[in-house]
Amino acid sequence: MTPQLNARGDVAVLVPAAGAGVRLGPGGPKALRLLAGEPLLVHAIRRVAAAASVRQIVVAAPAADVEAVRLLLAPVAPVTVVAGGAERQESVALALAVVPADVAIVLVHDAARALTPPSLIESVAAAVRGGLPAVIPVLPVVDTIKEVGPGEVVLGTVDRSVLRSVQTPQGFRHTVLAAAHAAAGDPLTDDAGLVEKAGLPVTCVPGSDLAMKITRPLDLILAEALLHVT
Ligand code: CTP
Ligand code: MG
C-alpha cells in the first residue's frame, strides 16, 4: 500500500530531478540511475515521504520521462510530477507553481541527495516554522581552501572558520520563495542565493553527512556504503 502524506502537514517539498547527470558519466538522467537496484529518485522520495510534516511532494522530472517517473513513484508515495526545465532554477520554479497558497513552508531538495534522512527534512522545516524566512543545512568545510590566480599560483589562504558547505533541503516561507523566484535574474544561483539577493536573512542549521550530493561515480560507491548506515 502507498504510504500517505500528512494531510494536515504544513510543508511542500520540491524535488528537482530533471538534470542530465553529466558528471556521473553515461547512463541516463541521474535521478533514474540505480543505487542498490533502485533509482536515486526512489531512495530520495521514500525519505521525504517519511518526514512527518510533509503534505505535498512535487517532482520535476526530465520532460521525456514524466510518465515513467509517475509510474515509478506511484507505489512509493503520492507525488505530483511536472516536467523540469533547462536549468535547476527553472525546474524549481515549475514545481513551485503547483503548490497551493495555503501551504506555509516550502522545502527545495535535490533528488541527487538521495540518502537525506527524514530528520534533516523535519529540522529544516521546524526552523522555518519557528519564524525564520530561509534556512539552509550546512557542514563545516574540512579542506584547507586556497585562492589562486593565473598559472595556479596561490594568492592566499581563505579563513575556513567562516565557510560552510551547503546542502539541501533548503527551507523557506512559501511567500519568501515565491517572491524570490518571481524576481530571479541569475539562473545559476541556488534558492537561498535568490533570497539573499532579496535582502532577507538566510540562516544555517546543522546538515548531515547522509545528505551528500551524488555527483561523480565515486559518490555512488560512497552512497552504497552509506545505505547500510541509515
Ligand atoms: N536539476 C533539475 N533540472 C535541471 C538541472 C538539475 O531538476 N535542469 C536537478 C538535478 O536532477 C539534481 C539537482 O537539480 O537532482 C542538483 O543538480 P546536479 O547535482 O547538478 O544534477 P545534474 O544537473 O543532473 O548533474 P550534472 O550537473 O553533473 O549534469
Ligand atoms: Mg547540474
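Here is a short chat about a predicted model of a protein.

Me: What helices and strands are there, and how many strands does the protein have?
Reply: Both kinds of element turn up in this predicted model. The protein has seven helices. Alongside those, the number of strands is twelve.

Me: What radius of gyration does the protein have, and how does that sit with a compact globule?
Reply: The chain has 230 residues, and a compact globule with that many would come out near 17 Å. The protein agrees with that, because its own radius of gyration is 17 Å.

Me: How much of the protein is buried?
Reply: To count as buried, a residue needs under 20% relative accessible area. Out of the 230 residues, the buried share is 47%.

Me: What share of the accessible surface belongs to carbon and sulfur atoms?
Reply: The whole accessible surface comes to about 10900 Å². Of that, carbon and sulfur atoms hold 60%.

Me: How far apart are the centres of the positive and negative side chains?
Reply: There are 18 positive side chains and 20 negative ones. Take the centre of each set, and the two centres lie apart by 3 Å.

Me: Is T116 buried or exposed?
Reply: T116 sits in the loop between β6 (105-108) and α4 (118-129). Its relative accessible area is 1%, and the cut-off for buried is under 20%. So T116 is buried.

Me: Which residue's backbone oxygen lies 2.8 Å from a polar atom of the T116 side chain?
Reply: T116 touches several residues beyond four places away in sequence, including R47, H109 and L210. The 2.8 Å pair is another matter: a polar atom of the T116 side chain is on one end, and on the other is the backbone oxygen of R113.

Me: Which residues are joined by a cis peptide bond?
Reply: Most peptide bonds are trans. Here one bond has an omega of about 10°, and it is cis. P169, on one side of it, lies in the loop between β10 (164-166) and β11 (170-173), and T116 touches both partners. The joined pair is T168 and P169.

Me: What is the phi of A36?
Reply: Most residues other than glycine have a negative phi. A36 lies in the loop between β2 (34-35) and β3 (38-39) and, at 47% relative accessibility, counts as partly exposed. Although A36 is not a glycine, its phi is positive, about 50°.

Me: Where is E152, and is E152 buried or exposed?
Reply: E152 is in the loop between β8 (146-148) and β9 (154-157). E152 has a positive phi of about 60° without being a glycine. Its relative accessibility is 64%, and over 50% counts as exposed. So E152 is exposed.

How values were computed
Residues numbered from 1 in each chain as written. Chains lettered and ligands numbered in written order. Predicted model: local features only at pLDDT ≥ 70, side-chain atom pairs only at ≥ 80, totals over all residues. Heavy atoms only, no water. Helix = DSSP H or I, 4+ residues; strand = E, 2+ residues; numbered from the N terminus. Rg over C-alpha atoms; globule rule 2.2 N^0.38 Å. Buried < 20%, exposed > 50% of the residue type's maximum accessible area, 1.4 Å probe, protein only. Areas by Shrake-Rupley, 256 points an atom, 1.4 Å probe, with all protein chains shown as cover. Lys, Arg positive; Asp, Glu negative; His and termini not counted. Charge placed at Lys NZ, Arg CZ, Asp CG, Glu CD. Polar contact = N/O pair within 3.5 Å; in protein donor to acceptor, adjacent residues only side chain to side chain. Contact = heavy atoms within 4.5 Å.
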